[in-house]
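Subject: Structure handover

Dear colleague,

I am passing on the structure we spoke of, and below it you will find what was found in it. Please read the notes with the coordinates open beside them.

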Amino acid sequence: MTRKRGTDGQELAGNADHVMALPQIDKAHLFLWAWNLACAGRSLPAPEPEYVFAPPRKWRFDWAWPFEGGGGVAVEVDGNAWRVRGGGRHGTDKDKEKGNRSAQLGWLVFHFSPEMLTADPLHCAEQVAEAVQAWRWNQ
């Protein structure tokens, strides 16, 4: 997908067949916007925002599709709200501990950077939609 600006200055993303105007929202919510487009015509559940997945720990996923019996599919937008000098908490041992625990509990976690979402939000959402749909058919 290519990125450019329209005549009014709004950021556009698209390929040779389709160009769309990106909404003027933060990068974390850009995924949710793309999710709604990717799910058009599909019977997929909406994600749960800020989902706490390992109580009593307060670890959260930005969005999650929890499965009955544990685990599920989740999305993390790395570096979005925590973009601080030095990269914030992402990439630290505590972040790796969170990732390892989520794997132990049966979570498939997609990680996207704000740049990935800006470059091709629909592709990011379609990757997740395919995983959620595959799980639903395997139940």
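Helices and strands here are DSSP runs, helices being H or I runs of at least four residues and strands E runs of at least two, numbered from the N terminus. On that basis the protein chain, which is a predicted model, comes to four helices and seven strands, and these follow one another along the sequence in the pattern β-β-β-α-β-β-β-α-β-α-α.

As for the chain as a whole, 37% of its 139 residues count as buried, while the area that it exposes is about 8400 Å², with carbon and sulfur atoms supplying 52% of that area. If one takes the contacts between residues at least 6 apart in sequence, 52% of them join residues at least 24 apart.

The aromatic residues deserve a separate paragraph. The structure holds 11 aromatic pairs, one of which is formed by F31 and W63, with 5.6 Å from centre to centre and 35° between the planes, so that the pair counts as tilted, given that stacked pairs have planes under 30 degrees apart and edge-to-face pairs over 60. This pair links distant parts of the chain, since F31 sits in helix α1 (residues 27-38) and W63 in strand β5 (residues 60-66), 32 residues apart. Both F31 and W63 are buried. A further pair, F110 with F112, is stacked, at 6.2 Å centre to centre and with 15° between the planes, and both F110 and F112 are likewise buried. These four residues, together with W35 and W65, form one aromatic cluster.

Turning to the nonpolar cores, what is the size of the largest one, and which residues have the most contacts inside it? The largest nonpolar core has 23 residues, and those with the most contacts inside it are F31, W35, W65, V73, V75, F112 and V128. Two or more residues are given to this core by each of α1, β5, β6 (72-77), β7 (107-112) and α4 (121-137), and α4 gives the most, with seven residues. Apart from this core lies another, of seven residues, including F61, A64, A74 and W107. As general background, nonpolar side chains in soluble globular proteins tend to be buried together.

With best regards

Technical notes
Residues numbered from 1 in each chain as written. Predicted model: local features only at pLDDT ≥ 70, side-chain atom pairs only at ≥ 80, totals over all residues. Heavy atoms only, no water. Buried < 20%, exposed > 50% of the residue type's maximum accessible area, 1.4 Å probe, protein only. Contact = heavy atoms within 4.5 Å. Areas by Shrake-Rupley, 256 points an atom, 1.4 Å probe, with all protein chains shown as cover. Phe/Tyr/Trp six-rings, centres within 6.5 Å; stacked < 30°, edge-to-face > 60°. Core = buried A, V, L, I, M, F, W, Y, C linked by side-chain atoms within 4.5 Å.
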